[in-house]
Amino acid sequence: MASVAPVKKKLMDVKIGELPSWILRQDFAPKGIAGVFQRGYQWYDNRYVNVKKGNTAGVSTVLAA
């Protein structure tokens, strides 16, 4: 018998009434927090740095920050 894994919702998909239970389901261990930063970096890298038609937008965003 296969176990059913809980479906992860993004914050934008959570309704106000579900917010406290959604926050309690998040992984606040160091490994979970590192995973959040890793996903954010990968998103940024794929969106602004590793593009087929690149420009200086990704690098200038980092330098501006």
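User: Which side chains meet in a salt bridge here, and at what N to O distance?
Analyst: Lys 9 and Glu 18 do, at 3.1 Å from N to O. Bear in mind that this is a predicted model.

User: How many salt bridges does the count come to?
Analyst: The count comes to one salt bridge, the one between the side chains of Lys 9 and Glu 18.

User: And is Lys 9 buried, exposed or partly exposed?
Analyst: Lys 9 is partly exposed, with 38% relative accessible area. Its partner Glu 18 also falls in the partly exposed class, at 30%.

User: OK, switching to the fold. How many helices and strands are there?
Analyst: You get three helices and zero strands. Along the sequence that reads α-α-α.

User: What about H2, what does that helix span?
Analyst: H2 covers residues 30-49, so 20 residues, and reaches 27 Å between its first and last C-alpha. That's close to the 28 Å expected at 1.5 Å a residue.

User: Which residues in H2 are buried?
Analyst: Gly 32, Gly 35, Tyr 44 and Asp 45 are buried there.

User: And Phe 37, buried or exposed?
Analyst: Phe 37 lies in H2 too, but it counts as exposed because its relative accessibility is 63%, and the cut-off for exposed is over 50%.

User: Which residues form a nonpolar patch with Phe 37?
Analyst: Ile 23, Phe 28 and Ile 33 join Phe 37 in a nonpolar patch on the surface. Together the four have about 440 Å² of accessible area.

User: Last one, the whole protein. What share of the residues counts as buried?
Analyst: Of the 65 residues, 11% count as buried.

User: And how much area does the protein expose?
Analyst: About 6400 Å², with carbon and sulfur atoms supplying 64% of that.

Conventions:
Residues are numbered from 1 along each chain as its sequence is written. This is a predicted model: local features need pLDDT of at least 70, side-chain atom pairs count only at pLDDT 80 or more; totals for chains, interfaces and linings use all residues. Side-chain values use heavy atoms; hydrogens and water are left out. Helices (H or I, at least four residues) and strands (E, at least two) are DSSP runs, numbered from the N terminus. Buried means under 20% relative accessible area, exposed over 50%, partly exposed in between (1.4 Å probe, protein chains only). Accessible areas come from the Shrake-Rupley method with a 1.4 Å probe; for residues, only the protein chains shown count as cover. The expected span of a helix is 1.5 Å times one less than its number of residues. Patches are made of residues with over 30% relative accessible area and no salt bridge: like charges are joined within 9 Å, nonpolar side chains (Val, Leu, Ile, Met, Phe, Trp, Tyr) within 5 Å.
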